[in-house]
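Open the model in your viewer and keep the selection panel handy. We will go from the whole chain to single side chains, one stop at a time.

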Amino acid sequence: MVSRVILGFGTVALLALSAETTVAFADEPKPTPDNTIHVELTEPVKPQAFARPLKFSLTDVTAQPMLVYKPRNGIFLDRTPVEITREAFSNCLKSADMLAPDRESADFLLTVYLFRFGLTDSSGMDFFGKVELAVVVKNPKTGKSQQVSAAGTSISGVALRKKNIQKHVLEDINNAFGDALRNFLRGQNLRDAITALDVPPDTKAPATTTPPGSDKPIGTPIG
């Protein structure tokens, strides 16, 4: 009988939304219905098939500011990147019947660190959407893990009217987000990590996962 593999989606530490959202100021724009955009994948990214059936489970995420474009009264997301990421991962995994009902039965855990979600620096003549993430893939039975990084980008030309600016910003973020998920879920690096870690368990002593380049977890999990 083929054993079931479940991936637990751990703490998402959202370190940067864009270059303009790292510090909050009292006079920053406020979100309104007119300057708010809804980011959502047009269709789920179907994950690649593995040597044996895998199941994935989403758990904790953390909060993040929703301002993605500051000039001209700002452009805001209508949901946090946490909610967007949770929904997108869930839908992608569901599309391939790889979403598990719980974490306890997991054969693999994913701890996702989202370093950028939104716009990044550009020449001023275009909008440059970028999503960067690193995922620690861990076998909880052996305590062994590997890190898999992925990123997505999208560039569109400058716009003058606020409505067109919002349209370009939305398209860039959607495209960059879809790219990042596709590069992770369908990439060779994830396949290599699963292949290397999917071995018969020899111990049950999982180690605490920490963010890439840090000794301590980042962010406060939301249950």
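Our tour begins with charged pairs: this predicted model holds eight salt bridges.

**Overview**

Before zooming in, colour the chain by secondary structure. You should find three helices and eight strands, and walking from the N terminus the order is β-β-β-β-β-α-β-β-β-α-α. Now switch on a surface: the chain's accessible area is about 11,100 Å², with 52% of that area belonging to carbon and sulfur atoms. Of the 223 residues, 48% are buried. If you draw contacts between residues at least 6 apart in sequence, 79% of them join residues at least 24 apart.

**Stop one: the nonpolar core**

Select F117, V137, V169, I173 and F184. In the largest nonpolar core, which has 44 residues, these five touch the most other members. Next, highlight helix α2, residues 162-185: this helix gives the core its largest share, nine residues.

Stay with V137 for a moment and show its surroundings. Leaving aside residues up to four places away in sequence, V137 touches F108, L109 and L110, then K144, S145, Q146 and V148, and finally L190, I194 and L197.

**Stop two: Q48 in its loop**

Move to Q48, in the loop between β2 (36-37) and β3 (54-58). Is Q48 buried or exposed? Its relative accessible area is 7%, so Q48 counts as buried.

Which backbone oxygen does the side chain of Q48 reach at 2.9 Å? Draw a distance to L185 and you have one such oxygen. Then draw another to G187, whose backbone oxygen lies 2.9 Å from a polar atom of the Q48 side chain. To see the wider setting, select M98, F184, L185, R186, G187, L190 and R191, which Q48 touches when residues up to four places away in sequence are not counted.

**Stop three: salt bridges**

Side chains of opposite charge can pair when their charged atoms come close. Three pairs are worth a visit.

Start with E132 and R116, whose side chains meet in a salt bridge with an N to O distance of 3.6 Å. This pair links distant parts of the chain: E132 sits in strand β7 (residues 126-139) and R116 in strand β6 (residues 108-120), 16 residues apart. E132 is partly exposed at 26% relative accessibility, while R116 is buried at 19%.

Go back to helix α2 for the second pair. E171 forms a salt bridge with K167, and the closest N and O atoms are 2.9 Å apart. Why are these two separated by about one helical turn? Because E171 and K167 are four residues apart in helix α2. E171 is partly exposed, with a relative accessible area of 34%, and K167 is partly exposed too, at 46%.

The last stop takes in several partners: salt bridges that share partners join D78, R79 and E87 into one network. Select D78 and R79 to see one of the bridges, with the closest N and O atoms 3.9 Å apart. Of this pair, D78 is partly exposed at 38% relative accessibility, whereas R79 is buried at 14%.

Conventions:
Residues are numbered from 1 along each chain as its sequence is written. This is a predicted model: local features need pLDDT of at least 70, side-chain atom pairs count only at pLDDT 80 or more; totals for chains, interfaces and linings use all residues. Side-chain values use heavy atoms; hydrogens and water are left out. Buried means under 20% relative accessible area, exposed over 50%, partly exposed in between (1.4 Å probe, protein chains only). Contact means heavy atoms within 4.5 Å. Accessible areas come from the Shrake-Rupley method with a 1.4 Å probe; for residues, only the protein chains shown count as cover. A nonpolar core is a set of buried Ala, Val, Leu, Ile, Met, Phe, Trp, Tyr and Cys residues joined through side-chain atoms within 4.5 Å. A polar contact is a pair of N or O atoms within 3.5 Å; within protein, one must be able to donate a hydrogen and the other to accept it, and residues adjacent in sequence count only if both atoms are side-chain atoms. A salt bridge is a side-chain nitrogen of Lys or Arg within 4 Å of a carboxyl oxygen of Asp or Glu.
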